[in-house]
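Here is a short dialogue between a learner and a teacher. Keep the structure open as you read.

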Amino acid sequence: MSNNKRALKGGEFLIKDVDYTQVFIPEEFTEEQKMIAESCRDFIQQRVLPNVEELDKHNLDLLIQLMKEAGEMGLLGISVPEEYGGFGQNFVTAMRALEEIGKGFSFAVAYAAHTGIGTLPILYFGNQEQKQKYLPKLATGEYIGAYALTEPEAGSDANAGKTKAVLSEDGKYYILNGTKMWITNAGIADVFIVYAKIDDDPNLSAFIVEKNTPGFKLGQEEEKMGIRGASTRQIFFEDAKVPVENLLGERNKGFKIALYILNLGRIKLAGATIGAAKGAINYSVDYAKQRKQFGTYIANFGAIKHKLAEMVIRTFVTESLTYRASQNIEDEEEALKQEGMDKDRAAIEAIRQFAIEASIAKVFGSEALDYVVDEAVQIHGGMGYSAEMPVERAYRDSRINRIFEGTNEINRLVIVGELLKRGMKGEYDLLTPAKEVAKELMAIPDFGKGSEDYFEKKHKLVKNFKKAILMVAGAALQKFGQAFQEEEEIIMNVADMLMLTYATESTLLRVEKLSKMYDPEKLAIYKDILDVFSFDTAWKMYKIGVDTINAFAKGDEQQAMLMGIKRFTKVDPVNTKDARRRIANKLIDDGFYNF
Ligand SMILES: Cc1cc2nc3c(=O)[nH]c(=O)nc-3n(C[C@H](O)[C@H](O)[C@H](O)COP(=O)(O)OP(=O)(O)OC[C@H]3O[C@@H](n4cnc5c(N)ncnc54)[C@H](O)[C@@H]3O)c2cc1C
C-alpha cells in the first residue's frame, strides 16, 4: 500500500510531482499476493503450457476444461465479491494473478476476456437479480463470459454499431438483429454482454444475452495469425429474443459501460503483457546459454547481451508503471467508498479516474512485448522461426495486443484527449504551468551547477520532460485551437512524450524506493536500468519534440522552441553499452528474469 493515498488525480502526473513514498512497487507484494501468484504460475506450468499446441488446434473442449479448472481454483472469480461466490480479491492482486496467467499464451486471452470484459459489466452495472443469477456461475466457470461490441462496420468507432433492439409487442423481450465480429470466447461462452441500439437511440445499450437465446447464432472459428487457442467468432442475431430484464444498466447508457470496461481491459492487458514478456525472456536466456556458435555460447556475444538487456529494461519499466497505476486505482476506489460512494460505482469511477494511465499502460506494455518477442525470435535464429519453439508462438500471439482493447492509435488519442478534456473542465490547471514554461523559454537559461545527487538529477530530468510536453503541446494547441484534433500526427507525438515521461517517472520512483530497501551493491543493477531507460528516453523526447515543433512552428518561435527542447531533454552521458552488459550478465547468471 502506498503511504499517501490518492497522491494524484489521473493524468495529473504531467503537472505535479510525487515522491517515492507515494507509489506502490512490485517489491511490496504481500505474502498472500505472492502465494496467489505462485498458484497461478503452477497452474500455467502444469496445466496450460503442456496443452498450448492442442489449444491452438481449436480444441474448445480442452479450453473449457482448463477454464473450469481455473474456476475451481478460484481464479475466475478473483475480482468477484465473496457474496457472489467469488474470491473477492483487490485490484492489485487480480493484476498480479493476470501477470502470471499472461505466460499462458492464448489461454491468457480467454481468461482475461472472461474475468474482465465478460464478467465485470455485470458486477459493476448489473442489478441485484442479474448479479445473483450470473455472477456465481461466472465466478466458478459454470458459465463463461464474452463481450460483444465490435461489428463489421464498427470497430474503433464502436458507437456506430448497427445492431438494433426493438421491444416486442408484448413488452417482454427486446428483439435483436445484427452482427458482431471478432468476439473472444464466442465458441465457449454461455453469456455475452452485447451492445445494441434500442430503436433510433443515439447511443448503445447493453444486454446480457445467453447462448441458447432463440435467434442467436455463432459463426465459424476465425483462422488467426496468433492466439489460435482462444476462440474468436462472429455472432449473429436474427430476431433474437432477449428478455427485457436482461437490459444491463440504463437504456442509451451502454456506450458508457463499454468505455468504462475498456479502461479496465486496457490496464489488465498491460498486466498480461508483463508475464508474457518475462516468459519470452526466460525462453531466450535459456536458449542463449545453450546454443553455441563460433565455439562459444551466443549469450557471450555483445549483440545478444544488448538484446537481452533491452528486453529486461522494457519489461521492468512496464511493470513499474502498470503496478503504480493499479495501486492508484485501488486507493481511489477505497477513498471513494470511504466517502460514501456505492462500492460498484466507486470501482468504476476509480478506473475512469485513471483512464489516461490505463491507456498508457496498454500502449507501452503491448509495444514493449512486441519488441521483446521479436528479439526473442532473433536470439533463437532459425529455430525462432520454427513452430516447435515457444517464441514462435509468443511472436504471433503478441501482435493482437496492439489491436484490441482499442488500437494503440485510439489509445494515444485517448491519452491526449482525456488530458485536455480534464484541463478544459477545470479538473486541474494545465494553462498556468504551460505559461510558466513559455516564460522560462524566453528567460536566460540557468547554467548554474545543479545538484549532484543521483536521484535529484533524475527528478530534474523528468521535470524537464514535463516542461518539454507543456511547451510543445501548449504551443500546438495555441496554434491550432479547435483544429488541434485534426492534427493526429502531433497528437500521437504528444501521447508518446506523455507515455515516455510517465514510464521514466514510474521507474525512477521505483528505483528510488528500492534505494531505501537494498544495499548499494544490490541497487546498482536497478540504477543501470533507470540510467539506460532515462537516457534513451531523453533522446527520444528530443527527436519527437523536434519533429512536432517543425510541424507547426516558424521563425523565431520555432528557433526558441528548438532551443527549449534541447534544453529540456539534456541528459548526462551514460555508458549504455556497459550498463546493458551488466543487466544481461545478471539475467544470464540467474538464468531467468529475476529483477
Ligand atoms: C483476435 C481479436 C479478438 C477480439 N476480441 C474482441 C472482443 O472480445 N469483443 C469485441 O467487441 N471486439 C473484439 N475485437 C475487436 C477489436 O477490438 C477491433 O478489431 C479493434 O477495436 C479495431 O477495430 P477494427 O478492427 O474495426 O479496425 P478499424 O477501426 O477499422 O481500424 C483500422 C486502422 O485505422 C486506425 N484508426 C481507426 N480510427 C482511427 C482514428 N480516429 N484515428 C487514427 N487511426 C484510426 C486504427 O488504429 C487501425 O490502425 C477483437 C479483435 C481481434 C482481432
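The turns below go through domains, strands, helix packing and the ligand shell.

Q: What kind of model is this?
A: It is a predicted model.

Q: Which domains does the assignment give for the chain?
A: Start with the bounds. Domain 1 covers 145–255, and domain 2 covers 429–590. Then look at the spacing. The centres of domain 1 and domain 2, taken over C-alpha atoms, are 44 Å apart.

Q: How many bridges join strand E2 to E3, and do they run parallel or antiparallel?
A: Read the bridges and the direction together. E2 spans residues 164–167, and 4 bridges join E2 to E3. The two strands run antiparallel. Pick out one pair to see it: Leu 167 is opposite Tyr 174 in E3.

Q: What lies between E2 and E3?
A: Follow the chain through the turn. E2 and E3 make a hairpin, with 5 residues between them. Gly 171 sits in that turn and has a positive phi of about 70 degrees.

Q: Which way does E2 run against strand E4, parallel or antiparallel?
A: Parallel, with 2 bridges joining E2 to E4 (residues 191–198). To find one, go to Ala 165: its bridge partner in E4 is Ile 198.

Q: Now the helices. At what angle do H16 and H17 cross?
A: Compare the two axes. H16 (residues 488–515) and H17 (residues 520–552) cross at roughly 160 degrees, and their axes come within 9 Å. An angle over 145 counts as roughly antiparallel, so H16 and H17 are roughly antiparallel to each other. Their crossing is left-handed. The residues of this contact of H16 with H17 divide into 15 nonpolar, 7 polar and 5 charged.

Q: How do H15 and H17 pack?
A: Use the angle again. H15 (residues 454–480) and H17 pack at about 15 degrees, with axes 11 Å apart. An angle under 35 degrees counts as roughly parallel, so H15 is roughly parallel to H17. The crossing of H15 and H17 is left-handed.

Q: Which residues come nearest to the ligand?
A: Begin with the shell as a whole. There are 21 residues around the ligand, and the nearest are Leu 149, Gly 155, Ser 156, Thr 184 and Thr 407. Sort the shell by class: 11 are nonpolar, 7 polar and 3 charged.

Q: Which strands and helix each supply at least two residues of that shell?
A: Strand E1 (145–148), strand E3 (173–184) and helix H13 (408–424) do. E3 gives the most, with 3 residues. Recall that E3 also pairs with E2 in the hairpin.

Definitions and conventions
Residues numbered from 1 in each chain as written. Predicted model: local features only at pLDDT ≥ 70, side-chain atom pairs only at ≥ 80, totals over all residues. Axes fitted to C-alpha atoms, helices over the stretch in contact; angles between N-to-C directions. Helix = DSSP H or I, 4+ residues; strand = E, 2+ residues; numbered from the N terminus. Parallel < 35°, antiparallel > 145°, perpendicular 65-115°, else oblique. Left-handed = near helix turned anticlockwise from the far one by under 90°. Nonpolar A, V, L, I, M, F, W, Y, C, P; charged D, E, K, R; others polar. Near = placed C-beta within 6 Å. Domains from an automatic or database assignment. Pairing = 2+ DSSP bridges.
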